[in-house]
2 protein chains.
Amino acid sequence: MPTLTYYTATTLDGFIADPEDSLAWLFPQEQERDGLFNYDEFFAGIGAVVMGSTTYEWVLDHQREMVTETGSVWPYRIPTWVMTSRDLAPVAGADVRFAAGPVATVYDEMAAAAEGKDLWVVGGGDLAGQFADAGLLDEVITYVAPVTLGSGRPLLPRRLALRLLETGRNGAFVCSRYAVVGPGEWA
Amino acid sequence: MPTLTYYTATTLDGFIADPEDSLAWLFPQEQERDGLFNYDEFFAGIGAVVMGSTTYEWVLDHQREMVTETGSVWPYRIPTWVMTSRDLAPVAGADVRFAAGPVATVYDEMAAAAEGKDLWVVGGGDLAGQFADAGLLDEVITYVAPVTLGSGRPLLPRRLALRLLETGRNGAFVCSRYAVVGPGEWA
């Protein structure tokens, strides 16, 4: 079975984007490209990714930055599922598969496509929560930026018990890896 | 000038209490009493504390636990300011001073009473934010529990830029200390 990880940046107060879906608070933060939980190392182990429609549209809206960062208008060469109930435009040359759920079906398709590699939930928070609800979310890796926003898009809008596996610093970020234990059953 | 620190536990998704002000998610988490940013070491440097009325009432509602933890119905022997616009019951034998603000006035009173020691905002998040608004919040120390709640009392409902000073692990917690840089001015 592959490991399904929700790997994301977040603010200290648990927002993955501001109320206008902006990541302007994130881009100025320093990180070491070969540091703890760095993207290149993480992504090298990933065989399929899944994201919500808001995340997908964010990527489409930031194609200029994508070209600068990745040399391509679409950042992934591996199969990507986009969870949506709407009609969204595909990206030419990218392996993007639109799906409306349930997430367990998407998980099975992703696992088959990943050919032994692991799976990544890019975002958003509710989609990661849907995988957790289905008992399919194995790990959460957070890059916590030294920022509070007070409002925005929630990191993971669920009651969940996690277990801290590893933590450390990467540049301006506190980076931590957690195992998902299950629903939080506190009184 | 003393250092004013907001020292608090929080969930990974930025809640200091659940929607019913419960900390049931917090109590089972392990910590080392002599570990990073431990309470005894932190509190030894504190000369005055301030809290909001919800935090104060939480302490009053948990006197049995307080006796078990601290040997007293009131945990602090140092002057404590409680920010409130309501009439609240005092605690017999405790140096509790009710104030309605502004926070800058309370800060001056606390600094004078602390006799060279530092100051602690116990909670809640909005009160810490009021001190930040006034440019008086110097540091934030978070004990991040391996928990998400999805809703509850916000850690620090403001747009703030912080700077990570130190981070590490204490038991189940990721513990980090930040300097407050100022308002977050991202586009």
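Contact here means heavy atoms within 4.5 Å. This is a predicted model, in which local features need pLDDT of at least 70, side-chain atom pairs count only at pLDDT 80 or more, and totals for chains, interfaces and linings use all residues. Residues are numbered from 1 along each chain as its sequence is written, chains are lettered from A in the order in which they are written, and side-chain values use heavy atoms, leaving out hydrogens and water.

**Symmetry**
- A turn of 180 degrees and a shift of 0.0 Å along the axis lay chain B on chain A with an RMSD of 0.0 Å (least squares on the C-alpha atoms of residues with pLDDT of at least 70 in both copies).
- That is the relation of a two-fold axis.
- In chain B, Gly14(B) has the C-alpha nearest the axis, 2.5 Å from it.
- Both copies use the same surface: 97% of the contact residues of chain B recur in chain A.

**Helix α4 of chain B**
- Helices (H or I, at least four residues) and strands (E, at least two) are DSSP runs, numbered from the N terminus.
- α4(B) covers residues 103-114, 12 in number.
- From first C-alpha to last it reaches 16 Å, close to the 16 Å expected at 1.5 Å a residue (1.5 Å times one less than the number of residues).
- Its buried residues are Val103(B), Val106(B), Tyr107(B), Met110(B) and Ala114(B). Buried means under 20% relative accessible area, exposed over 50%, and partly exposed in between, with a 1.4 Å probe and protein chains only.
- Seen down the axis of α4(B), these buried residues fall within an arc of 105 degrees, so they line one face (the arc uses directions from the helix axis to the C-beta atoms).
- Asp108(B) and Ala112(B) are exposed on the face turned away from the buried side.
- The cover over the buried residues includes β1, β3, β4, β5, β6 and α5 of chain B.
- Glu115(B) follows α4(B), with a positive phi near 50 degrees.

**Nonpolar cores**
- A nonpolar core is a set of buried Ala, Val, Leu, Ile, Met, Phe, Trp, Tyr and Cys residues joined through side-chain atoms within 4.5 Å.
- The largest has 64 residues, and Phe131(A) and Phe131(B) have the most contacts inside it.
- Among the residues that Phe131(A) touches are Leu4(A), Val50(A) and Tyr107(A).
- A second, separate core of 35 residues includes Trp74(B) and Tyr76(B).

**Cysteines**
- The whole structure has zero disulfides (a disulfide is a pair of cysteine sulfur atoms within 2.5 Å).
- The sulfur of Cys175(A) is 16 Å from the closest cysteine sulfur, in Cys175(B), too far for a bond.
- Cys175(A) counts as buried because its relative accessibility is 0%.

Technical notes:
Lists of a residue's contacts leave out its neighbours within four places in sequence.
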